[in-house]
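This report describes the fold of one protein chain and then turns to a few of its residues.

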Amino acid sequence: MMMDELDGLCIKYQPQEQHPRQAFRLESPEGVRVRLDGACLLPLKDISACGFAVEQVGPWPVGTRVMVDVLVDDEVRFAAVPAESVRVGKRTTAFRFLHPHWRAEAAFDGFIVELEKAAIARRKAQSSDR
């Protein structure tokens, strides 16, 4: 088996914030929902390459592991991604993806960039319509 040069890559980020984000986070992405454990379909509060949050407090106390399908316009974009709940607030539950390999996180990072570009294009189109 051939090892990729980047398989041993490790980047440590030491942010100044008390509750730092690990990646760029997109708020309320249009048309994107998650399905937890094949049953519970929820809109997103936000999503990043490292995780997501839903505006729902359900049967997911901190440490609960779930399988996540990420859907865009009701089509599965990522299937059966393992995730774990990491924070439960008054109205929000946050999950982190348990990516098995850096390539999986990189695929999510590209997906987030794609969503951000679409959101920018929508904002530009709306502002030019006025």
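The text below goes from the whole chain to the sheet, and from there to single residues.

**Chain overview**

The model is a predicted one. Its protein chain contains 1 helix and 8 strands, and along the sequence these elements follow the pattern β-β-β-β-β-β-β-β-α. Of the 130 residues in the protein chain, 32% are buried. The accessible surface of the protein chain comes to about 9000 Å², and carbon and sulfur atoms supply 52% of that area. Among contacts with a separation of 6 or more, 55% are between residues 24 or more positions apart.

**The sheet and the helix**

The 8 strands form an open sheet with antiparallel pairing, in the order E1-E4-E5-E8-E7-E6-E2-E3. Its edge strands are E1 (26-27) and E3 (40-43), each of which pairs on one side only. Helix H1, residues 102-129, packs on this sheet and touches E1, E2, E4 (46-47), E6 (65-72), E7 and E8. The direction of H1 makes about 100 degrees with that of E7. In general, the strands of a sheet pair through backbone hydrogen bonds, either parallel or antiparallel.

**Strand E2 and its neighbours**

Strand E2 covers residues 32-36 and is joined to E3 by 4 bridges, the two strands running antiparallel. E2 also pairs with E6, over 5 bridges and again in the antiparallel sense. Between E2 and E3 lie 3 residues, and the two strands form a hairpin. Asp-37, in the turn of this hairpin, has a positive phi of about 50 degrees. The table lists bridge partners of residues in E2.

| Residue in E2 | Bridge partner | Strand of partner |
|---|---|---|
| Arg-33 | Pro-43 | E3 |
| Val-34 | Leu-42 | E3 |
| Arg-35 | Leu-41 | E3 |
| Arg-35 | Asp-69 | E6 |

Which side chains of E2 are buried, and which are not? Val-32, Val-34 and Leu-36 point to one face and are buried. Arg-33 and Arg-35 point to the other face and are not buried, so the side chains alternate along the strand.

**Phe-97**

Phe-97 lies in strand E8, residues 93-97. Its relative accessibility is 5%, so Phe-97 falls under the 20% limit and counts as buried. Leaving aside residues up to four places away in sequence, Phe-97 touches Ser-48, Ala-49, Cys-50, Gly-51, Phe-52, Val-81, Pro-82, Ala-83 and Phe-108. One of these residues, Pro-82, is 15 residues from Phe-97 in sequence, while the C-alpha to C-alpha distance is 6.0 Å.

**A surface patch**

Val-57, Val-62 and Val-88 form a nonpolar patch on the surface. Together these three residues have about 230 Å² of accessible area. Val-88 belongs to strand E7, which spans residues 75-88. Is Val-88 buried, partly exposed or exposed? Its relative accessible area is 35%, so Val-88 is partly exposed, as the class lies between the limits of 20% and 50%.

Technical notes. Residues numbered from 1 in each chain as written. Predicted model: local features only at pLDDT ≥ 70, side-chain atom pairs only at ≥ 80, totals over all residues. Heavy atoms only, no water. Patch = residues over 30% accessible without salt bridge, like charges linked within 9 Å, V, L, I, M, F, W, Y side chains within 5 Å. Areas by Shrake-Rupley, 256 points an atom, 1.4 Å probe, with all protein chains shown as cover. Salt bridge = Lys/Arg side-chain N within 4 Å of Asp/Glu carboxyl O. Buried < 20%, exposed > 50% of the residue type's maximum accessible area, 1.4 Å probe, protein only. Contact = heavy atoms within 4.5 Å. Pairing = 2+ DSSP bridges. Axes fitted to C-alpha atoms, helices over the stretch in contact; angles between N-to-C directions.
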